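Here are my notes on the two-chain model you sent over. I've kept them as numbered points so you can check each one against the coordinates.

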Amino acid sequence: MRRSASKETDKTAEPSVNPLRDPQDRRLPRVPEPCALVIFGVTGDLARKKLIPAVYDLANRGLLPPGFVMLGFARRDWGHGDFEQIARDAAQQHARTPWREQVWARLQGNIKFVPGSFDDDEAFDTLARTLDELRSSHGIRGNAAFYFSIPPAAFPTVLKQLQRTGMSDNDASGGWRRVVVEKPFGHDLDSARDLNGLVDNVFTAQDVFRIDHYLGKETVQNILALRFANTLFEPVWNSHYVDSVQITMAEDVGIGTRAGFYDSAGAARDVLQNHLLQLLTMVALEEPVSFDSEALRVEKLKVLRAITLPEDLKRYAIRGQYAQGWVAGERALGYHQEKDVPADSTTETYVAVRLGVQNRRWAGVPFYIRAGKRLPRRVTEIAVSFKTAPHLPFAKTDTEELGHNQLVIRVQPDEGVTLKFGSKVPGTSMEVRDIAMDFLYGEAFTESSPEAYERLILDVLLGDKTLFPNSQEVEESWKIVDPLEEYWSGTTPYHYRAGEWGPREADDMLARDGRTWRRP
Amino acid sequence: MIALWDTTGTEVVKALAAERRSAGGVTSGLALTLVAVVDERHVRDTEQAAMIAAQQHPCRLLIVVRRNVLDQESRLDAEIMVGGRLGPCEAVIMRMHGRLALHAESVALPLLAPDVPVVTWWHGDPPEKIAYDPLGVVADRRITDSAQSADPDGALKLRAEDYAPGDTDLTWTRLTPWRTTLAGAFDTADSAATSAKITADPHDPSSRLLSGWLQARLGVKPKITDSHGSGLSEVELTLASGTTLTVHGNDGTATLSRTGFPDRTMPLLARPLGEELAEELRRLDPDEPYAAALAATTGLKGLNDRDSKRVHIWHDPALAEKPEPEESETSTARTAKKPAKASS
């Protein structure tokens, strides 16, 4: 602590440590410095359903700094009042914490709206001026995060505007300036590189936060706790004991109103490139030296670089497209019948692929990954299937019902962990069958635990990058997806009925290896 | 739910096992056993609080109600609930009459969930010495609530004299929102603090702990001014640079003032008991900052160096100097005029 010396020389210098923050004092939550959150595309779905409610929830939990300001930017002819009403409705409808009028009243006083289109220089000048004014009115010393909740096509325009007005410049603003980008991070390696170059150029690379909301989920973070805080699992977490790994991300809904984006992307670009590969790296990575973002990133990159595609893409990289059928007791349209989908579209809504991880730990273990829409239920899970015992000292008929031991990490819903193992059937004869032992996070726990967006927005404002993939990770994952897309271009996906677990060819793919998909 | 009247500990253990089986996999993965020592009138709010806490910390809840300790006739009544309205929590409510109440551990020990931490919580007047209560001796973490003490002035002193690592007090938990706000305000401090002023009820243990915390962390002894009945309402810190930081709390709002800057407001809400309990159960290791604050405010030293293990001291209220009825009379009289309320 500087006591007297600093007083004369440097009046604005902070004491090096806040004495009221004691590392031993773990009751005090991490609260960001005074800052502004600027949301571009604040009238969009994401902002209304996730971002604004998450900001309210953070305020309600007391995790926002005093003097936090949310600035909305969008092309609407609105006064401040209109936006406040919309924001209020959004927060009230989608917030997870109880509604408290007091909290909202205070937050509302700190919500501002700047109208304008992205090519409107004047609007951006107004935005820059508004940010500057916060310095005196709210004590925000230049800190601001820009959230891009806008289509990627608009990125270059907005970035150029931010650069032109100097809003993206840390030095000019005197605080930190961060940018938050949502997926898709490009549509292939080249476009991802262009985008990364652009964003990293306007902001500095360390100020760019790419959101993969799966990494904000409590259960995904628990994978690391499960693996590295216990001694029980790590010794068997390798090719000596693991037979195969299945990662499933199933949705029961169709594409809804996203045809415009979805038809040009497809399942592989939409979820495999980001969510599924991130889940895979969490399962496969080596123990990081520490849990800071750099150490973790090093290990994740190693896994991404070790991922190999099957040689026989025809049989081990299956695409599917849903045809009409029944889901959850209701008739569902086929993909071609969905609004705004071209009648000859060959975009996939289902993808199943066998990947390998070429390192000492995983060589020879297949990672079966699948994702799809209009499957029977919404579920995301990781199943690690272990090898069968090398010798069974039972009569052959005794163990007919015994399968592989499995460790299943349920990411959503019913967050938890299941361990499947053989156990004797009660009775006078020796008979062994599979039973499942369940650890379930309390239902209420998952409701009240922070939503992924809440956690991630807080991390952006705190500047903690642990849960955000960086440009290298994004580029490495495109290197995996690009050859698949290249192989698929010009082919037609297999069809599956809406409400089925994907096309038959995907089942054949596992059957050929002597395995079956786990029914999640 | 099963209710057992005039029963034995063995019957209770059997009934709990039977309920768990018939309820199916409702409670899986117990994180701890919470033993709550309460008065009859607190049973419902204890359940309510445990229900909220159990959402984050699935637990087995043992509620022990002691009645008429001086009565020679012993009797045990028990209610057992698994799942249902308690959520991920299984509860055994035990009413112990007569001398049995002094041997509550004989019923409670076989009911502790195997090999998970035990937390004992006195929701009511805490024991004079925790070692007098065998239910406190078995616990890894002990939660008292000095605000409920008949003698709030002496309560903290008592807690400090009796302190062992692993003790904690809900009056400290109630300060967390205030401490968070103060730490946030101090983030923008440009120099060290030279003086501190707290406006609060000088008898309120929470305010005195806050004073202890500031003293321990900032090295200045805060002056406490009487707020005349409105509880903890303001903290003012003066810095060496001449800047003043003020946090004024009023009706769920904190107003932050800093010389040269406009006022800012933040939420500062009093939380329900269940959330306070949930905060307590997050970490089960000794709370050093609490010990430091307690030490600073009471002037006792070396709290963290004490042994965390307690040995049960046999203490029979029948042989105690003050007969029981008179004590409870004075306690109700004092509770009535006690202003309390820490962080409103």
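1. A convention before anything else: axes are lines fitted to C-alpha atoms, for helices over the stretch in contact, and angles run from 0 to 180 degrees between N-to-C directions. Contact means heavy atoms within 4.5 Å. Helices (H or I, at least four residues) and strands (E, at least two) are DSSP runs, numbered from the N terminus. With that in place, helix α7 (residues 176-186) of chain B lies across β9 (193-200), β11, β12, β13 (253-258) and β14 of chain B, and runs at about 155° to β12(B).

2. Housekeeping: this is a predicted model, where local features need pLDDT of at least 70 and side-chain atom pairs count only at pLDDT 80 or more, while totals for chains, interfaces and linings use all residues. Residues are numbered from 1 along each chain as its sequence is written, chains are lettered from A and ligands numbered from 1 in the order in which they are written, and side-chain values use heavy atoms, with hydrogens and water left out.

3. What does α7 of chain B pack on? Its strands belong to an open, mixed sheet of six, ordered β10-β9-β11-β12-β13-β14 in chain B (two strands pair if DSSP finds at least two bridges between them). At the edges sit β10 (223-226) and β14 (261-267) of chain B, each pairing on one side only. From one strand to the next, the twist averages 15°. Inside the sheet, β11 (residues 234-239) and β12 (residues 244-250) of chain B are antiparallel, with five bridges. To find the register, look at B:Glu234, whose bridge partner in β12(B) is B:His248.

4. Chain B has another open sheet, with eight strands in the order β1-β4-β5-β3-β2-β6-β7-β8 and again mixed pairing. Here β1 (2-4) and β8 (167-169) of chain B are the edge strands, each paired on one side only. Neighbouring strands of this sheet are turned by 15° against each other on average, direction ignored. Strands β2 (residues 32-38) and β3 (residues 59-67) of chain B run parallel, joined by seven bridges, and B:Val38 stands opposite B:Val65 in β3(B). Helix α2 (residues 43-54) of chain B lies across β2, β3, β4 (75-82), β5 (89-97) and β6 (118-123) of that chain, at about 165° to β3(B).

5. On to the interface. In total, 40 residues of chain A are in contact with 46 residues of chain B. The two chains bury about 3700 Å² between them, 54% of it on carbon and sulfur atoms (buried area being the accessible area, with a 1.4 Å probe, that two parts lose on being put together, summed over both). On the chain A side, A:Leu20, A:Arg27 and A:Arg106 lose the most area to chain B, together 22% of what that side buries.

6. How many salt bridges are there between chain A and chain B? I get six, taking a salt bridge as a side-chain nitrogen of Lys or Arg within 4 Å of a carboxyl oxygen of Asp or Glu. One to click on is B:Arg217 with A:Asp22, at 3.3 Å, N to O. The elements of chain A that give two or more residues to this side are α2 (45-60), α4 (101-108), α5 (121-137), β17 (432-440) and α14 (443-448).

7. Over all chains, the salt bridge count comes to 56. Have a look at A:Glu286 and A:Arg361, whose side chains meet at 2.8 Å, N to O. A:Glu286 lies in the loop between α11 (267-284) and α12 (293-306) of chain A and A:Arg361 in the loop between β12 (350-357) and β13 of chain A, so this pair ties together parts 75 residues apart in sequence.

8. Finally, some backbone spots in chain A to inspect. The A:Lys183 to A:Pro184 peptide bond is cis, with omega about 5°, and A:Pro184 falls in the loop between β5 (177-182) and α8 (189-202) of chain A. A:Gln412 and A:Pro413 are also joined by a cis peptide bond, with omega about -20°; A:Pro413 is in the loop between β15 (406-412) and β16 (416-424) of chain A. A:Arg374 has phi near 60°, a positive value in a residue other than glycine, and is found in the loop between β13 (367-372) and β14 (379-386) of chain A.
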